[in-house]
Amino acid sequence: MDIGKIDQIIDRHHGEASSLIQILLDIQVENNWLPKGALTRVSERLAVPMSRIQHITTFYKTFSLVPKGRHQVHVCMGTACHVRGAQTILEVVEEVTGVKPGETDAELNFSVETVNCLGCCALGPVMVVDGEYHGNVDRTETAQVLKKCACE
């Protein structure tokens with residue numbers, strides 16, 4: 001991510017250190033992760049110690065310090081989803097994307113994560129792809145959703 005884009009994001013928040021978390025979120029939305037160079041620039045512009053930024057980016061699970069794919073796939077493995085076939089859904093995700101939980105493919109197309117609960121237990125099994133919830137999914141629907149992403 002170039003410095004100019006980082007500066008635009010910081011300027012949108014009036015360069016205020018109180019907006020640090022929102023600035024980091026905006027950078028991540030633009031880039032799918034937080035590169036070290038971007039964090040360094042934020043530290044310089046906001047006069048916030050890098051140790052504080054590292055603390056925030058490692059505390060909140062939403063932040064990623066490693067590259068993520070364009071398509072984020074989250075599969076719920078909570079109890080309700082588990083008993084309704086979440087493991088099978090996860091297997092389909094792995095087959096279609098070639099990515100295991102916690103990994104990103106080399107082309108940066110897909111990142112796959114498992115979560116303990118998505119808060120919609122009645123819809124299990126549930127997966128979220130790029131922020132869109134898919135409930136009561138089966139093998140076929142899971143594959144269709146992911147193949148559609150792969151074509152984009």
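**Loop residues, a helix pair and an aromatic cluster in a predicted model**

Asp-130 lies in the loop between strand E4 and strand E5 (132–134). The model described here is predicted. The phi angle of Asp-130 is near 50°, a positive value in a residue other than glycine. With a relative accessible area of 38%, Asp-130 is partly exposed. A positive phi is also found at Asn-136, where the angle is about 55° although the residue is not a glycine. Asn-136 is placed in the loop that runs between E5 and helix H7 (139–151), and its relative accessibility of 47% makes it partly exposed. A further backbone feature occurs in the loop between strand E3 (110–115) and strand E4 (127–129), which holds Pro-125. The peptide bond from Gly-124 to Pro-125 is cis, and its omega is near -5°. Most residues other than glycine have a negative phi, and most peptide bonds are trans.

The protein chain as a whole contains 7 helices and 5 strands. Read from the N terminus, these elements follow the order α-α-α-α-β-α-α-β-β-β-β-α. Along the principal axes, the C-alpha atoms of the protein chain fill a box of roughly 50 × 30 × 20 Å. The chain has 152 residues, of which 40% count as buried. Where contacts join residues at least 6 apart in sequence, 58% of them link residues at least 24 apart.

Helix H1 (residues 3–12) and helix H3 (residues 36–46) have axes that come within 10 Å and cross at roughly 45°. The two helices are therefore oblique to each other, since an angle of that kind falls outside the ranges for roughly parallel, antiparallel or perpendicular axes. The crossing of H1 past H3 is right-handed. On the H1 side the contact is made by Ile-3, Ile-6, Asp-7, Ile-10 and Asp-11, and on the H3 side by Ala-38, Arg-41, Val-42, Arg-45 and Leu-46. Sorted by class, this contact of H1 with H3 comprises 6 nonpolar and 4 charged residues, with no polar ones.

Helix H3 also includes Ser-43. The relative accessible area of Ser-43 is 14%, so the residue is buried. Leaving aside residues up to four places away in sequence, Ser-43 touches Val-48, Pro-49, Met-50 and Ile-53. His-134 is 91 residues from Ser-43 along the chain, and the C-alpha atoms of these two residues are separated by 38 Å.

Aromatic pairs were also counted, and the total comes to 2. In one of them, Phe-59 and Tyr-60 are arranged edge-to-face, with 4.9 Å from centre to centre and 90° between the planes. Tyr-60 also pairs with Phe-63: the ring centres are 6.4 Å apart and the planes stand at 75°, so this pair is edge-to-face, because plane angles over 60 degrees are classed that way. Phe-59, Tyr-60 and Phe-63 thus form one aromatic cluster. Accessibility was assigned to each member of the cluster. Phe-59 is exposed, with a relative accessible area of 56%, Tyr-60 is partly exposed at 37%, and Phe-63 is buried at 7%.

Notes:
Residues numbered from 1 in each chain as written. Predicted model: local features only at pLDDT ≥ 70, side-chain atom pairs only at ≥ 80, totals over all residues. Heavy atoms only, no water. Axes fitted to C-alpha atoms, helices over the stretch in contact; angles between N-to-C directions. Helix = DSSP H or I, 4+ residues; strand = E, 2+ residues; numbered from the N terminus. Parallel < 35°, antiparallel > 145°, perpendicular 65-115°, else oblique. Left-handed = near helix turned anticlockwise from the far one by under 90°. Contact = heavy atoms within 4.5 Å. Nonpolar A, V, L, I, M, F, W, Y, C, P; charged D, E, K, R; others polar. Buried < 20%, exposed > 50% of the residue type's maximum accessible area, 1.4 Å probe, protein only. Phe/Tyr/Trp six-rings, centres within 6.5 Å; stacked < 30°, edge-to-face > 60°.
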